[in-house]
Amino acid sequence: MSKVVEVHLEWKYTPSNYLEQPIKISKPGIHLEISGGVAVAHIEPETFEKDSSISDDLTKLIENRLYAIQVLTHKIFSLSKPSRTDLREDGKRNVFLESHLVSKSIVSDVDLIITDKDGNVVSDTKQDRLDKQKWLSETIDRYRNTDITLDCILKSYQMSISDSNNEFVHLYEIRDALSSRFGNNQNDAIKALCLTKKQWSTIGILANEKPLEQGRHRGKSAGMLRSADSTELEEARRAMSNLIEKYLIYLEKTR
């Protein structure tokens, strides 16, 4: 059998247009491209053989890019396990595993480019959003593997989307985890994260005090429960997205 000249790992993610632009990442012996619902890693055989965790590490790297977008958009994503294909010198391929996901579509947000009287760009909403996505994904990359709290709050945010009947329960878990991170001292957490008391208390009011079907204490409001309206849902999501961002800033300052 002819020797392997390149190892391909391929992941499928949905929705296929979750990314607004392709992502390319190069490391020694590895080139990763993420676009159109597919992530493909081109890996040198020597690099693949030397690192037994390469598949898991690349999966997390891709997840981190998708998590960054999720924090900003509150839209669910799915990521498959990787399939592996070995490309050989004689042109033949060895396929080890294939996995498929069904794609779904998302309606894109409307973007604005604002210029001054001289035609200079004052604000480009798409570029601003892409810059923020880049910062979030790179920062998540740096700390998620070593910071248990960050991994926990990202998973809770994802659960708030996939389990919408208990959305505020999962969003409250984010504040709970951050509170634990700072010794269960609310004031210490607020100070460390540079938050206002209002920003910290938003999810507590929605999850604990209002008689909402998505809340934490539904038994106390039996017969009076109502579904959270769009304003309350948006308020909770923005508040928790802000807490995640503030925690990433904290990690950048203290690590």
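Let me begin with a definition: helices here are DSSP runs of H or I, at least four residues long, numbered from the N terminus. With that convention, helix 8 covers residues 230-254. The model I am presenting is a predicted one.

I shall stay with helix 8 for a moment. Two of its tyrosines, Tyr247 and Tyr250, are three residues apart, and they are therefore separated by about one helical turn. Their rings form an aromatic pair, with 6.0 Å from centre to centre and 15° between the planes. Planes under 30 degrees apart count as stacked, so this pair is classed as stacked. Tyr247 and Tyr250 are both buried.

Ala239 also lies in helix 8. Its relative accessible area is 11%; the cut-off for a buried residue is under 20%, and Ala239 is therefore buried. Which residue, 68 positions away along the chain, has its C-alpha atom 9.3 Å from that of Ala239? The residue is Leu171.

I turn now to the aromatic residues elsewhere. Across the whole structure, a search finds four aromatic pairs. One of them joins Tyr18 and Phe77, whose ring centres are 5.7 Å apart and whose planes make an angle of 55°. The geometry of this pair is tilted. In sequence terms the pair links distant parts of the chain, its members being 59 residues apart. Tyr18 sits in the loop between strand 1 (4-14) and strand 2 (23-27), while Phe77 belongs to the loop between helix 2 and strand 5 (78-79). Both Tyr18 and Phe77 are buried. Together with Tyr67, these two residues form one aromatic cluster.

Tyr67 brings us to helix packing, since it is one of the residues through which helix 2 touches helix 4. Helix 2 spans residues 54-73 and helix 4 spans residues 148-162. Their axes are 10 Å apart and meet at an angle of about 60°, which means that helix 2 is oblique to helix 4. The crossing of helix 2 past helix 4 is left-handed.

Which residues make this contact? From helix 2 come Tyr67, Gln70 and Val71; from helix 4 come Leu154, Lys155, Tyr157, Gln158 and Ile161. Sorted by class, the contact comprises five nonpolar residues, two polar residues and one charged residue.

To close, I would draw attention once more to Tyr67, which takes part in the contact between helix 2 and helix 4 and also belongs to the aromatic cluster with Tyr18 and Phe77.

Definitions and conventions: Residues numbered from 1 in each chain as written. Predicted model: local features only at pLDDT ≥ 70, side-chain atom pairs only at ≥ 80, totals over all residues. Heavy atoms only, no water. Axes fitted to C-alpha atoms, helices over the stretch in contact; angles between N-to-C directions. Parallel < 35°, antiparallel > 145°, perpendicular 65-115°, else oblique. Left-handed = near helix turned anticlockwise from the far one by under 90°. Contact = heavy atoms within 4.5 Å. Nonpolar A, V, L, I, M, F, W, Y, C, P; charged D, E, K, R; others polar. Phe/Tyr/Trp six-rings, centres within 6.5 Å; stacked < 30°, edge-to-face > 60°. Buried < 20%, exposed > 50% of the residue type's maximum accessible area, 1.4 Å probe, protein only.
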